[in-house]
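Visitor: Please give me a close look at one part of this model, the place where its helices pack and leave pockets between them. I would like to see how the pieces connect.

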Amino acid sequence: MNDNTIAKAETYPARIAGKLTMGMPLSEYARGLVTPFNVVCAVILSVGLPLIGLRFLRGLATVTHASNEYPWSILLGWGLFSGVPLSATGYVMATAVYIFGFRKYHPLVRLGVLTGFMGYLFAVIYLLIDIGRPWRIYYPMAVSYGPTSVLFLVAWHVSTYLTVQLLEFSPAILEWLNARRTRKWAILITVAMTIAGVILSTLHQSALGALFLMAPGKLHPLWYSAFIPVFFFISSIYAGLCMVIAVSTVASKYLKDKADESFLGSLDGLTVGLGKAACVGMFVYFTLRIIGVAHEDQWALLSTRYGGWFLVEVLLFVLVPFLVLTAGVKRGSARIVRFGAFHALAGVILTRLNISILMFNWNLPGHFQAIVPPLREVFIVLSIIVLHILIFRWILNRMPVLREDPAYPDSH
């Protein structure tokens with residue numbers, strides 16, 4: 001072994017350790033982890049993670065109320081049906097920048113792709129906890145096909161799109177690892193991955209809605225429509241745009257030292273621009289929801305108590321945030337646009353929970369008692385949310401997402 005080899009063997013672990021601890025001594029890094037936020041996270045995880053283990057040891061019924069009548073517990077109502085549209089950030093931002101040429105949104109594209117990748121990754125984790133037997137996750141892809149099932153389509157698309165998003169985000173990982181040669185290859189495939197992402201997203205976002213076309217008698221008529229795949233796809237577009245606004249707002253407030261001037265200085269203008277695009281998506285979505293009621297001729301149901309809840313959803317959580325976003329764009333106020341974006345996201349989550357839980361098998365006796373989740377399931381969901389936030393923050397603290405790495409001046 002020559003001297004150079006010995007030097008590399010000595011310095012490589014130290015370099016990796018330095019990246020993991022952000023250049024701080026281990027003792028200082030460990031002390032920095034003791035914060036009120038991290039303590040709360042540790043408490044939640046100390047309860048939730050053992051419950052996840054209990055689910056795999058004793059079965060799904062140990063931790064959730066899910067049954068044949070109510071298959072979509074909050075594990076999937078929140079983690080899959082709400083999580084997937086909020087993860088549309090990757091394809092909307094990559095399409096805007098790399099396909100349509102809106103280069104001014106470049107400071108937000110990595111944040112959008114990372115948010116999308118993490119969202120899909122954790123949607124799969126929610127799904128694995130619900131389905132069980134995670135070691136057989138490859139069966140729909142390689143062993144036992146189910147081409148007549150919509151879920152077969154969703155499984156293939158989500159797994160493929162997860163790979164595509166990892167490749168889209170790989171330049172940031174490779175810059176962090178200082179792998180210049182491999183990064184060049186990753187940059188070359190960016191446009192191809194973006195095109196693949198658009199195709200896959202269009203299909204699986206709408207396929208989630210198509211799943212409910214097989215249950216017209218189970219979903220309340222005001223939420224059921226032949227257009228429900230279109231509703232799911234259109235709402236994912238403005239959900240992705242609003243999610244980028246929300247995540248960039250939080251990141252600029254709490255991780256300001258990890259962002260460069262290009263990101264912070266342009267954020268208000270870009271937020272207003274994203275708000276304008278979200279307005280278009282929300283207007284189309286609101287119009288389609290009204291057309292859906294007219295197409296199914298369900299006007300009379302609007303006067304029932306379920307009709308009142310439908311109007312709350314459509315008017316207070318779609319029309320009102322649309323008007324707020326419009327006012328923010330007209331005034332050029334990023335603050336108002338941000339408020340409208342958070343409001344719109346609450347509306348998307350409410351709609352997906354309505355469809356997957358609240359209005360599913362709505363006419364069964366004891367419906368509202370049956371859909372209340374047990375505390376164990378709530379803690380499992382909370383613990384996965386905490387893990388999602390911690391890993392997301394870990395990446396933003398280390399990798400060039402909110403900033404450009406000066407060692408790589410060429411555009412990505």
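Guide: What follows begins with one helix and its partners and then turns to the pockets.

This is a predicted model, in which local features need pLDDT of at least 70 and side-chain atom pairs count only at pLDDT 80 or more, while totals for chains, interfaces and linings use all residues. Residues are numbered from 1 along each chain as its sequence is written, and side-chain values use heavy atoms, with hydrogens and water left out.

Let us start with helix 14, which covers residues 334-358 (a helix is a DSSP run of H or I with at least four residues, numbered from the N terminus). Its axis and that of helix 11, residues 228-254, come within 9 Å of each other and cross at roughly 140° (axes are lines fitted to C-alpha atoms over the stretch in contact, and angles run from 0 to 180 degrees between N-to-C directions). Helix 11 is therefore oblique to helix 14 (under 35 degrees is roughly parallel, over 145 roughly antiparallel, 65 to 115 roughly perpendicular, and the rest oblique). The crossing of helix 11 past helix 14 is left-handed, a word used when the near helix is turned anticlockwise from the far one by less than a right angle. Among the residues that meet here (contact means heavy atoms within 4.5 Å) are F232, Y238 and M243 of helix 11 and F342, L345 and R352 of helix 14. By class, this contact of helix 11 with helix 14 has 16 nonpolar, two polar and two charged residues (Ala, Val, Leu, Ile, Met, Phe, Trp, Tyr, Cys and Pro count as nonpolar, Asp, Glu, Lys and Arg as charged, and the others, Gly among them, as polar).

Helix 14 also packs with helix 12, residues 261-296, where the axes come within 9 Å and cross at roughly 40°. That angle makes helix 12 oblique to helix 14, and the crossing is left-handed. The contact includes D268, G275, Y285 and R289 of helix 12, which face A334, V337, R338, A344 and T351 of helix 14, and its residues divide into seven nonpolar, three polar and three charged.

Helix 14 and helix 11 appear again around the largest pocket, for each supplies at least two residues of its lining, as do helix 2, helix 3, helix 4, helix 6 and helix 16. A pocket is an open set of points on a 1 Å grid where a 1.4 Å probe fits, with protein on both sides within 12 Å along at least five of seven lines, and its lining residues have an atom within 4 Å of a point. The volume of the largest pocket, about 1200 Å³, is the space filled by probe spheres set on the points. Of its 41 lining residues, H388, I389, L390, F392 and R393 are closest to the centre, and helix 16, residues 375-398, gives the most to the lining, with 10 residues. The lining comprises 28 nonpolar, 11 polar and two charged residues.

Helix 4 leads on to the second largest pocket, since helix 4, helix 6, helix 7 and helix 8 each supply at least two residues of that lining. This pocket holds about 700 Å³ of space, and L127, I131, I137, P140 and A155 lie nearest its centre among its 31 lining residues. Helix 8 provides the largest share, seven residues, and the lining divides into 23 nonpolar, five polar and three charged residues.
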